[in-house]
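Trainee: I would like to go through this model with you. Where shall we begin?

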Amino acid sequence: MKVGIILVYVGEVLPEYFELWVKSAENNPEFDFYVFTDRAFEQYEFHIQCPKNVYWIVMDFRTIKERIQKHVDFKIHLKTAYKLCDYKPLYGLAFEDYLMGYDWWGHCDGDIIFGSLKNFITDEKLRRYEKIYRLGHLTLYKNEDKINHLWKADVDGANYYKHVYRLGYSMFFDEDFGINRIAEHCQIKCLNDVDCADIWIGKNRFWTYWDREYGQYDHLFSLEDGHLYGYIACEEKIIKKEYAYAHFQKRKMSYLSHLCNEINIMVVPNSFIHFDETLINYESIRTINDRMPDDPPISGGEYIKLRLSNLLRGAIIQKIIRRERHIYPNEVY
């Protein structure tokens with residue numbers, strides 16, 4: 001089955017390690033990737049060519065907003081690139097001219113590195129389900145009219161697009177507060193497995209969300225011949241676990257450009273480095289994570305500034321809407 005995955009990244013600087021995103025996409029030739037961004041591939045100092053399965057489309061923010069607005073019958077509130085997250089479930093319509101001929105489409109983020117997707121997103125799963133994954137950094141939808149219009153449903157316990165698209169504040173409509181609960185209410189066949197390493201934002205060491213068994217143990221990661229592995233220091237032994245992808249949200253990662261030409265790469269909590277098999281042991285993994293500073297992810301002044309900004313963009317209105325519609329957060333860990 002043909003799958004087209006969309007990344008929209010406009011108005012912001014791509015992560016320094018983005019060519020690893022490109023390289024990891026190339027390592028998944030069974031999938032096509034569409035990058036809609038406001039700068040040409042040649043404008044970046046990448047050390048690789050654009051792969052055959054990565055389609056780089058130059059498109060400015062205004063044009064993307066127009067494509068979205070075309071499918072909403074009132075004026076949308078879309079002034080920042082970050083707010084695009086709430087519009088991801090609408091991408092199947094907004095970019096339908098690019099998705100013709102695909103059995104499935106999806107959306108993803110630019111701060112992830114793919115492993116071997118075919119090991120997790122199999123043809124059997126694509127035949128069985130209508131929606132795959134529940135986290136906004138990678139979600140896939142069956143490319144059919146019912147699914148592409150799913151975001152319009154008015155469901156108690158979920159955000160409603162007529163509220164979401166009138167506010168400038170992010171309402172997590174691409175995840176549990178929106179499309180996931182809508183899909184479940186509408187009895188869409190959903191695969192909600194968490195096959196990714198979703199790195200904790202508030203921790204400098206490598207811990208992961210959603211993993212009750214190993215999430216709060218120290219990790220290292222590696223890309224090995226197109227596969228992504230986590231090495232977990234658990235009770236004085238090493239657990240090796242394969243992932244579909246890793247998500248490095250809001251994490252600054254140093255990166256050496258020549259790494260994109262290496263088959264195997266290791267990932268430590270603040271860097272992509274040369275693969276070093278000697279680091280794959282309990283003591284080394286703990287030591288590397290222990291070296292990470294315990295600085296808070298945001299200073300007091302930055303926190304106050306962020307809260308004030310959120311209030312102006314509609315945080316209070318969002319809280320009122322959630323209370324009225326009985327929207328409660330799921331357990332994160």
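Trainee: Why are glutamate 26 and lysine 23 separated by about one helical turn?
Mentor: This is a predicted model. In it, the side chains of glutamate 26 and lysine 23 meet in a salt bridge, 3.6 Å from N to O. Both residues belong to helix H1, residues 18-26. They are about one helical turn apart because their spacing in H1 is 3 residues.

Trainee: How many salt bridges does the count come to?
Mentor: The rule takes a side-chain nitrogen of Lys or Arg within 4 Å of a carboxyl oxygen of Asp or Glu. At 3.6 Å, the pair of glutamate 26 and lysine 23 is one such bridge. By this rule the count is 13.

Trainee: Which strands are at the edges of the open sheet of 5 strands?
Mentor: Read the order first: S12-S11-S10-S14-S15, with antiparallel pairing. An edge strand here pairs on one side only. That gives S12 (237-243) and S15 (271-274).

Trainee: By how many degrees are neighbouring strands of this sheet turned against each other on average?
Mentor: The sheet is the open one with antiparallel pairing and 5 strands. Direction is ignored for this average. The value is 25 degrees.

Trainee: What is the bridge partner of histidine 219 in S11?
Mentor: Strand S10 covers residues 218-224, and strand S11 covers residues 227-234. The two run antiparallel and are joined by 7 bridges. Histidine 219 has its partner in S11: isoleucine 232.

Trainee: Which helix packs on the sheet, and what angle does its direction make with that of S10?
Mentor: The helix is H9, residues 282-290. H9 touches S10, S11, S12 and strand S14 (264-268). Between the directions of H9 and S10 the angle is about 105 degrees.

Trainee: Which residue stands opposite alanine 197 in S13?
Mentor: Another open sheet has the order S5-S13-S9, with mixed pairing. Its edge strands are S5 (112-114) and S9 (196-198). S9 pairs with strand S13 (residues 245-247) in the parallel sense, over 3 bridges. Opposite alanine 197 stands alanine 246.

Trainee: How do the residues of the lining of the largest cavity divide into nonpolar, polar and charged?
Mentor: A search of the whole structure finds 1 cavity of 30 Å³ or more, and the space in the largest cavity is about 40 Å³. Tyr133, Arg134, Leu135, Asp193, Val194, Asp195, Cys196 and Tyr245 form the lining. The division is 5 nonpolar, no polar and 3 charged.

Notes. Residues are numbered from 1 along each chain as its sequence is written. This is a predicted model: local features need pLDDT of at least 70, side-chain atom pairs count only at pLDDT 80 or more; totals for chains, interfaces and linings use all residues. Side-chain values use heavy atoms; hydrogens and water are left out. Two strands pair if DSSP finds at least two bridges between them. Helices (H or I, at least four residues) and strands (E, at least two) are DSSP runs, numbered from the N terminus. Axes are lines fitted to C-alpha atoms, for helices over the stretch in contact, and angles run from 0 to 180 degrees between N-to-C directions. Contact means heavy atoms within 4.5 Å. On a 1 Å grid over the protein atoms alone, a cavity is a set of points where a 1.4 Å probe fits but cannot get out, and a pocket is an open set with protein on both sides within 12 Å along at least five of seven lines; lining residues have an atom within 4 Å of a point. Grid points are joined across faces, edges and corners, and a volume is the space filled by probe spheres set on the points. Ala, Val, Leu, Ile, Met, Phe, Trp, Tyr, Cys and Pro count as nonpolar, Asp, Glu, Lys and Arg as charged, and the others, Gly among them, as polar.
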